[in-house]
Amino acid sequence: MTHPWWKTSVVYQIYPRSFMDSNADGMGDLNGIISKLDYLALLGIDVIWLSPVFKSPMDDNGYDISDYDDIAPEFGTLADMDRLIAEARVRDIKIIMDLVVNHSSDEHPWFESARQSKDSPYRDYYIWREAQPDGSLPNDIRSYFGGPAWTFNPATNDYYFHQFSTKQPDLNWDNPAVPDAVYAMMNRWLDRGIAGFRMDVIDLIGKDVDNKVLANGPTLHSHLQAMHQATLKGRDALTVGETWSVTPETARLYSAPEREELSMVFQFEHITLTFDPVHGKWKPREFDLVALKQVFAKWQTELAGNAWNSLFWNNHDLPRAVSKYGDDGTYREASAKALATALHGMQGTPYVYQGEEIGMTNVAFESIDDYQDIETRNLYSERLEQGDSPEALMAAIHKNSRDNARTPMHWNGSDNAGFTTAKPWLKVNPNYTTINVEQSLADQNSIFHHYQRLIQLRKTNTTLVDGQFELLFPDRPQVFAYLRKTDAETLLVAANLSTERLTLQLPDKLRTETARVLICSGTPVTGVSQQLELAAYDAVIVSLS
Ligand code: TEU
Ligand code: CA
């Protein structure tokens, strides 16, 4: 069965400001990434998802773009970007960029013009509403980053809409000039040699603000189909939509090939399992493996054959996988490898977030002043005013602040983890002295080498790509085990996500004398025939036939 290239690829996400600083200004940059391409080639990844590097006032670290056609000077120049694309291609690595078009920066020339006068030619690129007759806000929609989603604009005596910060005004996709401008910009970047896009909160572009429909709005899929025709059709591109609202049913609308919209989407149901229904991640619930397995099983079975899953534990917005789902203390290495095995054994395209491959952990800065993320800082202030205690807020921030994922990459044990020779823009996690690339590369049993083997296996084993998923032991709270089956082969993937030693009695249909262990994360596993013994946080992929 021939597949599009992205079904057998592994994607590595780079958050540029935290990856590698090449010019001693404390900020990661494009030349820093170029200097680490050999490392990424050694890991074996096929695609880099580059978080935004466009011109931006950096209110939301680049997710507030003021020029979609130029590179932020903090990160480098267009020539550096061209060189990154070329140097990556030499290593068979493709680059996809972050398309942030639900909103722009308020310093984009479009908005600077629109906010000055109702007669601006760019006025309708954004969403403006008058106050209600009693002077209150146009409606009660709140911003994700705290406060109302409406900000008053004195020059035109009305309000503009922003679902994120006040410096991220939402674009008005009902105005045809907006999609036209976006599609032209996308084509310029595709012509420049990138291989596709990750699409920031793309489920929000069809919004109907007056009826308070924000995600999955009435015009969403017509825009995505128009976008596909105008930019992606005929190009062998990878697109992945960030869609917090998606369900298996709507995921098919985005990613069924015949729909000609996107290649795949990021679903977040396995992430929001630990979110409080009212307070979200700021009153986090404990992670429950039985519930998590059911979510993964649902997505695996419901997208099989008609759409395509993305597979991820973390990204630049989420806590570090080993801290949230594993054990970032005694069993850090073992649990990180077990989590990787459990994820990479499933059907879909795996995404590795920078530092995940060496088991980087959450950070627990003492003071809110050490945190830089706008979402973290705004929610701290807002909830403090609402009466939450600083201690409770800092505990929630230690668990779920986006800065957990944004502390600088650990290259080695030298100052600032070898990330920079200057003062880093965000403090380095103090555990870099024992958790870093240099130490990982020197240890054949490291997390890095386990990721390398998992990525290599995906390239050589077609059952990992095509095999039908079947969950095993659904009710056991310590183990995540499943089958991947084709006519030719049955794989057993089993991860002990606990500190207990486990014995799994294999069902008769799986008992075989010819089992071959393809990969194991810890103590070598032998004799799988009747049962499978897994030590604390051990994981295996076994070919049963
Ligand atoms: O994130 C969308 C988003 O909703 C998450 O940031 C969410 O608010 C939270 O972090 C999860 O609890 C995307 C980008 O990934 C994020 O970095 C940007 O801040 C945001 O959109 C606005 O562009
Ligand atoms: Ca720099």
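**Exercise 1. Work out which residues coordinate the calcium ion (ligand 2).**

*Solution.* Start with the donors: the calcium ion (ligand 2) is held by Asp21 (OD), Asn23 (OD1), Asp25 (OD), Met27 (O) and Asp29 (OD), at 2.2 to 2.4 Å. A donor here is an N, O or S atom within 2.8 Å of the metal, or 3.2 Å for Na, K and Ca; water is not among the atoms, so sites may look incomplete. Next, read the spacing of the donor residues along the sequence: D-x1-N-x1-D-x1-M-x1-D. Finally, check burial, where buried means under 20% relative accessible area, exposed over 50%, and partly exposed in between (1.4 Å probe, protein chains only). Asp21 is buried at 6%, and Met27 counts as buried at 12%.

A quick note on the model: it is predicted, so local features need pLDDT of at least 70 and side-chain atom pairs pLDDT 80 or more, while totals for chains, interfaces and linings use all residues. Residues are numbered from 1 along each chain as written, chains are lettered from A and ligands numbered from 1 in written order, and side-chain values use heavy atoms, leaving out hydrogens and water.

**Exercise 2. Check the span of helix H11 (residues 332–344), then its burial.**

*Solution.* Helices (H or I, at least four residues) and strands (E, at least two) are DSSP runs numbered from the N terminus. The expected span is 1.5 Å times one less than the number of residues. For the 13 residues of H11 that gives 18 Å, and the end C-alpha atoms are indeed 18 Å apart. Now burial: 11 of the 13 residues are buried, so H11 is largely enclosed by the rest of the structure. Among them are Arg332, Lys337 and His344.

**Exercise 3. Lay out the sheet that contains E14 and E18.**

*Solution.* Two strands pair if DSSP finds at least two bridges between them. Five strands make an open antiparallel sheet, ordered E14-E15-E16-E20-E18. Its edges are E14 (468–472) and E18 (516–520), each pairing on one side only. Zoom in on one edge: E18 pairs with E20 (residues 539–543) in the antiparallel sense over 4 bridges, and Arg516 has Ser543 in E20 as its bridge partner.

**Exercise 4. Do the same for the sheet with E6, E7 and E8.**

*Solution.* The order is E6-E8-E7, an open sheet of 3 strands with antiparallel pairing. E6 (128–129) and E7 (150–153) are the edge strands. E6 and E8 (residues 158–161) pair over 2 bridges, and Trp128 sits opposite Tyr160 in E8.
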